Amino acid sequence: MKHSCIHWFRKGLRVHDNPALKYALHDCKHMYPVFILDPWFPKNAQVGINRWRFLIEALKDLDSSLRKLNSRLFVIRGVPREVFPRLFEEWKVTRLTFEVDSEPYSQKRDKEVMDLAKQHGVEIITKISHTLYNLERVIEENNGKAPLTYVRFQTVLNKIGPPKRPVPAPTREDMKGVSTPSSETDKENYGVPTLDELGQDSTTLGPVLYPGGEQEALRRLDEYMQRTNWVCSFEKPQTSPNALKPSTTVLSPYVKFGCLSARTFWWRLAEVYHGKKHSAPPVSLHGQLLWREFFYTAAYGIPNFNKMEGNTICVQVDWDSNPEHLAAWREARTGFPFIDAIMTQLRQEGWIHHLARHAVACFLTRGDLWISWEEGQKVFEELLLDADWALNAGNWQWLSASAFFHQYFRVYSPIAFGKKTDKNGDYIKKYLPILKKFPAQYIYEPWKAPKSIQEQAGCIVGKDYPRPIVDHDTISKKNIQRMKAAYAKRSPDLSDGSLIPPLGTSLRCNFLRVPLV
DNA sequence: TTCTCAGTTGGGAGA
DNA sequence: ATCTCCCAACTGAGA
């Protein structure tokens, strides 16, 4: 039997290493590549304009790649549970293929669609290609629990072996006998949207620094993989958070959307490493892909992973609610130039270095402002091109010392940390031009500059640039003590992992150990 | 059970 | 410049 098949793109916006797409072409007569866009989403979801632009570019690129294969992309407006029954009928669909997506939201959505497909007699084929490994298998190999340390995670992966090799992109040969019926009205109805259509105000946009799409992803991968020595000696902690040009690959947005396959990336690195001395996980480029996998596994295995309450691995902390401080952080007016420069780069460009993320995350949470990591998570979710559910939640827990990382007495200084890699403050001057005439001596602490120097610099602290909203030295010491208290409240029953409360149980039930009055 | 050890990337003083 | 030690002391994992 020759199938009429829908391949549903969600993440995995690529033709290379796309096993579900490849499978769709087997015994296939009519092939419909589909991306579904809920018009409700752009106005309500936490997606900033930079990421919308990236997505649109990725969809255009995907459409163009599919057209080279005599096919095209259908961007369908609607919600999956309403869209699919209509498409199943209209296109007489017999098979649906898509890539496995491990996020809770996606799992629920996909379950609904799979039920609908069954009702319509549509065969469902799913393939794992967003992650290096089958996450369930990793958890199984670790006795049913997600590994909570990187070393443990590596041990488990060593048992499983290297990830699968990527599958090649479909060719014209694979497309023999396969067609994509498409009418003139389809062209109008199912085109790639514009920012206008998504209700985004494109006048606020900066230049395109990281164009979306698979072609650009592969070009960028090639560019970096040619730098053999750089790749082999790459150590993440040695890269600079405040370089004027990114000190790392900035492939993360491409991996997030699946414009670049993690397995393709992993095996290309293996080729570069082959026969040479090279760095190793956790600091190597391989190590970076494993960090992604680590958090994907944890996010899959731990309920309520993006929340504090009901999250069994997350320390329960009495975070403050402070809308003024939160707004100052979000809007780059904390009065700490290093922090404000990073938050400015984040908003303008959609990407900041991993260590820059450390600095601002520590500042917002346990370091200075004592505001919940969930608030920071929301802001990153909106502004980062590479915002990824599992990585965002995992790293915020890490930096706030809520899970994975527990040495809460190690606090990033908003003054000292940036100086290590940018003594003159060039990065600050780039993103906060108001400070550009400050001498290097005061660039990280402009409030300490004498009045005369402030006048000379044409920037009066408290008037042209904010005074620091907290005193770091005193507040960070106080916060370490608050953190100590939060850790002390943890129930021993839970911290040893032997008694995991049932799903949805808040750790607040610990307080039941205290006699109820 | 109890202990030891290591943990992606802190800051600061002093050699 | 680069290293070591101290700060105060956490956790998960394994012996």
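This is a short chat about a predicted model, covering the surroundings of DNA strand B and the place of T297.

Q: How many residues surround DNA strand B, and which are the closest?
A: There are 18 residues around DNA strand B, and the closest are P237, H354, H358, S413 and K420.

Q: What does P237 do there, in terms of atoms?
A: A polar backbone atom of P237 is 2.7 Å from a base oxygen of DNA strand B.

Q: And which part of the strand do S413 and K420 lie by?
A: For S413, a backbone N or O atom lies 2.9 Å from a phosphate oxygen of DNA strand B. For K420, a polar side-chain atom lies 3.1 Å from a phosphate oxygen of the strand.

Q: Which elements give two or more residues to that surface?
A: Those are α7 (150-160), α16 (354-367) and α19 (416-419). The largest share, 3 residues, comes from α16.

Q: What kinds of residue make up the surface near the strand?
A: It divides into 11 nonpolar, 4 polar and 3 charged residues.

Q: What about the DNA side, how do the atoms within 4 Å of the protein split?
A: Of those atoms of DNA strand B, 33% belong to sugar or phosphate, and the rest belong to bases.

Q: Changing topic: where is T297?
A: T297 is in helix α13, which covers residues 285-301.

Q: Is T297 buried or exposed, and why?
A: T297 counts as buried because its relative accessible area is 0%, and the cut-off for buried is under 20%.

Q: Which residues is T297 in contact with?
A: Leaving aside neighbours within four places in sequence, T297 is in contact with L135, V138, I139, A146, P147 and F153.

Note on methods
Residues are numbered from 1 along each chain as its sequence is written. Chains are lettered from A and ligands numbered from 1 in the order in which they are written. This is a predicted model: local features need pLDDT of at least 70, side-chain atom pairs count only at pLDDT 80 or more; totals for chains, interfaces and linings use all residues. Side-chain values use heavy atoms; hydrogens and water are left out. A residue is near a molecule or strand if one of its heavy atoms lies within 4 Å of it. A polar contact is a pair of N or O atoms within 3.5 Å; within protein, one must be able to donate a hydrogen and the other to accept it, and residues adjacent in sequence count only if both atoms are side-chain atoms. Helices (H or I, at least four residues) and strands (E, at least two) are DSSP runs, numbered from the N terminus. Ala, Val, Leu, Ile, Met, Phe, Trp, Tyr, Cys and Pro count as nonpolar, Asp, Glu, Lys and Arg as charged, and the others, Gly among them, as polar. Buried means under 20% relative accessible area, exposed over 50%, partly exposed in between (1.4 Å probe, protein chains only). Contact means heavy atoms within 4.5 Å.
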